[in-house]
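Colleague: I should like to go through the terms applied to this model and see how each is justified.

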Number of protein chains: 2
Amino acid sequence: MPRAGFAWPILFQKKNESERYSMATANKPSLPVIKRLPRYYRYLGELAANGVVKISSSELARMMGTTASQVRQDFNCFGGFGQQGIGYNVNLLHEELGRLLFSKQAVPAILIGAGNLGHTMANYFKQNSKGFDLVGAFDIQPELVGQSLCGLTTILDMSELESFCQRVHPKVAVICVPRTAAKQIGGQLVELGIRAFWNFSHYDFRIDFPGLIVENVHLGDSLATLSYEVNNAEL
Amino acid sequence: MPRAGFAWPILFQKKNESERYSMATANKPSLPVIKRLPRYYRYLGELAANGVVKISSSELARMMGTTASQVRQDFNCFGGFGQQGIGYNVNLLHEELGRLLFSKQAVPAILIGAGNLGHTMANYFKQNSKGFDLVGAFDIQPELVGQSLCGLTTILDMSELESFCQRVHPKVAVICVPRTAAKQIGGQLVELGIRAFWNFSHYDFRIDFPGLIVENVHLGDSLATLSYEVNNAEL
């Protein structure tokens, strides 16, 4: 059963529509399970695009580099999506996971820092807009202010952040500024109602503001891992 | 003891210089351990920058969200860096991990796709060049070819890739093109001697070329995780 503080997504709301799926015990998903959802979703999207109709938990496990039992356990956290022995319907499972991941009503997001990284991320939102709507972008560099950001929005000066947030009520900020700038602006963003961060800086928002939703992308960690592997292989 | 196929990095080569570190049993590090190294390195860099001199395994564990025993086990994979009860010297440990992660001799890398993402990554290499040297960049768009890429290198047409690789022998490719283009060019890159990929596309290089070193950055997975968490919280 759903618990307090956890808004149960879709299966319980549309039990009749979903009756092809057997309902297993629903456990609150842990962070590792949640982190695997997008990968399941991505692989299922690729399978669907390649015309695959059914997939077993063991085939899906092989793609994920895990076990069939782990796959079934993961899906059981969301009520289970399959019938024993029949496997999963690829399209239906893809749609169902999509509904779990992305709300119908796009969440308004702003971008802080409209340099190269900011442009890259804006382009990203333009092409993969699922779940979010980039409604504003801010920078302190006068040469950027007033320019269009990938045709999505006009870059505003940071001094306009407060009135913008009071008017538009964005909930998510994409942080494309360095660590020091991120630390400086963190408090203001939280005060203005931002509760979730897609964070490309190395500033750890949760140290100063516990309870926020923060998804960190540490490109440096990824590159350092590659460096380690390259150094320890015979190339 | 180091095993065949694993070039043991630094500790065994400079045992005398490192004698302040006690040498524990060296186990081959697993991928999760390797993936944690950059985070240790990053946290220790921040501690060093804040003037912290010593840190215990339990303090380090708290930053990493793990246990002191896990921290000690992780470091034991590399010969161990501490003396029981004394804690770690922050600066020395940071340097030692840096030597494990980044080779002195920068590895030559090329960039495939010099659009917004390519520019972002080139800028990234300009500012965080540790371990790699961006020696070339390639694109198919005529308006990009011939332009300077962030002052690092001149963007070349893809038709020049073969002669460039035969002349310069890059070992790593940063893939900043979409999935289809990545799949198309993968074979050529491998044939030209590229053995490691920093991959921003959704193409899974290891399906067609097992044995390659691939570090995937799936921005979409990260954004989908954020979306899930935002949808299931009261904002």
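Modeller: The following exchange sets values against definitions. This is a predicted model, in which local features need pLDDT of at least 70 and side-chain atom pairs count only at pLDDT 80 or more, while totals for chains, interfaces and linings use all residues. Residues are numbered from 1 along each chain as its sequence is written, chains are lettered from A and ligands numbered from 1 in the order in which they are written, and side-chain values use heavy atoms, without hydrogens and water.

Colleague: How many helices and strands are there in chain A, and what counts as a helix or a strand?

Modeller: Chain A has nine helices and nine strands. Both are DSSP runs numbered from the N terminus: helices are H or I with at least four residues, and strands are E with at least two.

Colleague: What makes α1(A) roughly perpendicular to α2(A)?

Modeller: Helix α1 (residues 31-49) of chain A packs against helix α2 (residues 57-64) of chain A at an angle of about 110 degrees, and their axes are 11 Å apart. Axes are lines fitted to C-alpha atoms, for helices over the stretch in contact, and angles run from 0 to 180 degrees between N-to-C directions. Angles from 65 to 115 degrees count as roughly perpendicular, under 35 as roughly parallel, over 145 as roughly antiparallel and the rest as oblique. The pair α1(A) and α2(A) is therefore roughly perpendicular.

Colleague: Which residues make the contact of α1(A) with α2(A), and how do they divide into nonpolar, polar and charged?

Modeller: From α1(A) come Arg36(A), Arg39(A), Tyr40(A), Tyr43(A), Leu44(A) and Leu47(A), and from α2(A) come Leu60(A), Met63(A) and Met64(A). Contact means heavy atoms within 4.5 Å. These residues comprise seven nonpolar, no polar and two charged. Here Ala, Val, Leu, Ile, Met, Phe, Trp, Tyr, Cys and Pro count as nonpolar, Asp, Glu, Lys and Arg as charged, and the others, Gly among them, as polar.

Colleague: Why is α2(A) called roughly perpendicular to α3(A)?

Modeller: The angle between α2(A) and helix α3 (residues 68-76) of chain A is about 100 degrees, with the axes 7 Å apart. That value lies within 65 to 115 degrees, so α2(A) and α3(A) are roughly perpendicular. In this contact, Ser57(A), Ser58(A), Leu60(A) and Ala61(A) of α2(A) meet Ala68(A), Val71(A), Arg72(A) and Phe75(A) of α3(A). By class, the contact has five nonpolar, two polar and one charged residues.

Colleague: Why does Cys150(A) count as buried?

Modeller: Buried means under 20% relative accessible area, exposed over 50%, and partly exposed in between (1.4 Å probe, protein chains only). Cys150(A) has 14% relative accessibility and therefore counts as buried. Cys150(A) is in the loop between β5 (148-149) and β6 (153-157) of chain A, and has a positive phi of about 55 degrees although it is not a glycine.

Colleague: What is the relative accessibility of Cys150(B), and where does Cys150(B) lie?

Modeller: Cys150(B) has 16% relative accessibility, so it also counts as buried. Cys150(B) lies in the loop between β5 (148-149) and β6 (153-157) of chain B, and its phi is near 55 degrees, a positive value in a residue other than glycine.

Colleague: How do you know that Thr153(A) is buried?

Modeller: Its relative accessible area is 14%, which is under the 20% limit. Thr153(A) lies in strand β6 of chain A. Leaving aside neighbours within four places in sequence, Thr153(A) is in contact with Val135(A), Gly136(A), Ala137(A), Gln147(A) and Ser148(A). Thr153(A) and Leu134(A) are 19 residues apart in sequence, and their C-alpha atoms are 7.7 Å apart.

Colleague: Why are β5 and β9 (213-216) of chain B said to stand at the edges?

Modeller: Chain B has an open sheet of seven strands in the order β5-β6-β4-β3-β7-β8-β9, with mixed pairing. Each of β5 and β9 in chain B has a single partner strand, so one side of each is left without a neighbour in the sheet. Two strands pair if DSSP finds at least two bridges between them.

Colleague: How many bridges join β3(B) to β4(B), and what makes β4(B) largely enclosed?

Modeller: Strand β3 (residues 107-112) of chain B pairs with β4(B) in the parallel sense over six bridges, and Val107(B) has Phe132(B) as its bridge partner. In strand β4 (residues 132-139) of chain B, six of the eight residues are buried, so the strand is largely enclosed by the rest of the structure.
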